[in-house]
Amino acid sequence: HDIGLRMTTQARVAVIGGGIIGCGILYHLAKLGWTDSVLLERDELTAGATWHAAGNLSHYASSAFWTRIQKATTDLYETLARECGHDVGFHKAGSIRLATVPDHMVENRRAHAKARALGVEMELIGPAEIKRLFPFVELHDVLGGAFTPGCGSADPSSVTTAMASRARAMGATIRQGIKVTGLALRPGGLWRIETTQGTVDAEIVVNAAGMWA
């Protein structure tokens, strides 16, 4: 825990919350050149909702927007692993969306067309290929499926730690063990953030504290 913040600190951006969202924001800001940013975490990184998240990553979504977001996420985790030079807990296992009634097949064909338009790899497959890919499946009512090889899972804590490490390496600051107790807009447009270890003045505040927001 960093308990050295005993004075007024000034930053361009202050991010409140050290979970995967807060550390992701800090990482992306640093990549954009906004390295005069500080993250404040009340406990330690991933101590909130992040550590017990399931970590499932799917490329299948009902809207084009969320399909793009989900593809960007898996692309990011691969980039992050290359930047860090080690595994960040991301594993591509692929997924199969099973169709057991004709309407499911229609839905899969629509998803396949949308995936092709958005640059997401997806293949329509029959029962034999489903069995080859996943031998444990029971096929008695399966008509076919949509196979997305880019789907997988991630260890949220490992990904968060990796993004925090990269943000620090680019010049951003992370303060742990510091609880935010108050927030006020001051004359001149700066935000004054009261904490258990002093105060932080920032041009922009991002509240990424999840259920504690």
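**Second largest pocket**

I started with the lining of the second largest pocket, whose residues divide into 10 nonpolar, 6 polar and no charged. This is a predicted model, so I keep that in mind for everything below. The volume came out at about 360 Å³. I then looked up who sits in the middle: of the 16 lining residues, Ile20, Ile21, Leu57, Thr73 and Tyr77 are the closest to the centre of this pocket. Four elements give two or more residues to the lining, namely α1, β3, α2 and α5. Which of them gives the most? My note says α1, with 5 residues.

**Largest pocket**

Next I turned to the largest pocket, at a volume of about 480 Å³. I found 25 lining residues, and the closest to the centre are Gly17, Ala208, Ala209, Gly210 and Trp212. The elements with two or more residues in this lining are α1, β2 and β10, the last one spanning 180–185. Helix α1 gives the most here too, with 3 residues. Sorted by class, I get 14 nonpolar, 8 polar and 3 charged residues in the lining of the largest pocket.

**Helix α1**

With α1 turning up in both linings, I checked the helix itself. I have 12 residues for α1, and 16 Å from its first C-alpha to its last, close to the 16 Å expected at 1.5 Å a residue. I listed its buried residues as Gly22, Cys23, Gly24, Leu26, Tyr27, Leu29 and Ala30. After the helix comes glycine 33, and its phi is positive, near 95 degrees.

**Cores**

I asked myself which residues have the most contacts inside the largest nonpolar core. They are Leu26, Leu39, Tyr77, Leu80 and Val159, in a core of 23 residues. I traced the elements that give it two or more residues: β1 (8–16), α1 (20–31), α2 (64–84) and α5 (156–169). The most comes from α5, with 5 residues. Apart from this core I found another, of 7 residues, including Val38, Leu40, Ile193 and Val200. A reminder to myself: nonpolar side chains in soluble globular proteins tend to be buried together.

I pulled the neighbours of leucine 39, skipping those within four places in sequence. Its contacts are Val15, Gly17, Gly18, Gly22, Cys23, Leu26, Leu45, Thr173, Ile174 and Arg175. Among these, Leu26 is also on the list of residues with the most contacts inside the largest core, and Gly17 is one of the residues closest to the centre of the largest pocket.

**Helix α5**

I moved on to α5, which has 14 residues and covers 20 Å between its first and last C-alpha, close to the 20 Å expected at 1.5 Å a residue. Buried in it are Pro156, Val159, Thr160, Ala162, Met163, Ala164 and Ala167. What do these buried residues pack against? I found α1, α2, β8 (152–154) and β9 (173–176). The residue I noted after α5 is glycine 171, with a positive phi near 115 degrees.

**Two residues in the β2–β3 loop**

I picked threonine 50 and alanine 54, both placed in the loop between β2 and β3. Is threonine 50 buried or exposed? Its relative accessible area is 9%, under the 20% cut-off, so threonine 50 counts as buried. Leaving aside neighbours within four places in sequence, I see threonine 50 in contact with Gly19, Ile20, Pro156 and Thr160. Of those contacts, Pro156 and Thr160 are among the buried residues of α5, and Ile20 is one of the residues closest to the centre of the second largest pocket.

Alanine 54 goes the other way: its relative accessible area is 63%, over the 50% cut-off, so I logged alanine 54 as exposed. I also looked at a distance along the chain: alanine 54 and alanine 154 are 100 residues apart, yet their C-alpha atoms are separated by 8.2 Å.

**Cavity**

Last entry. How many cavities of 30 Å³ or more does the structure hold? I count 1, and the space in the largest cavity is about 50 Å³. I wrote down the lining as His59, Tyr60, Ala61, Thr67, Ala111, Lys114, Ala115, Val120 and Met122. The most comes from helix α3 (residues 102–118), with 3 residues. By class I have 6 nonpolar, 2 polar and 1 charged residues around the largest cavity.

Notes:
Residues numbered from 1 in each chain as written. Predicted model: local features only at pLDDT ≥ 70, side-chain atom pairs only at ≥ 80, totals over all residues. Heavy atoms only, no water. Core = buried A, V, L, I, M, F, W, Y, C linked by side-chain atoms within 4.5 Å. Buried < 20%, exposed > 50% of the residue type's maximum accessible area, 1.4 Å probe, protein only. Contact = heavy atoms within 4.5 Å. Expected span 1.5 Å × (residues − 1). 1 Å grid on protein atoms, 1.4 Å probe; cavity = no way out; pocket = protein on both sides within 12 Å on 5 of 7 lines; lining within 4 Å. Points joined across faces, edges and corners; volume = space filled by probe spheres on them. Nonpolar A, V, L, I, M, F, W, Y, C, P; charged D, E, K, R; others polar.
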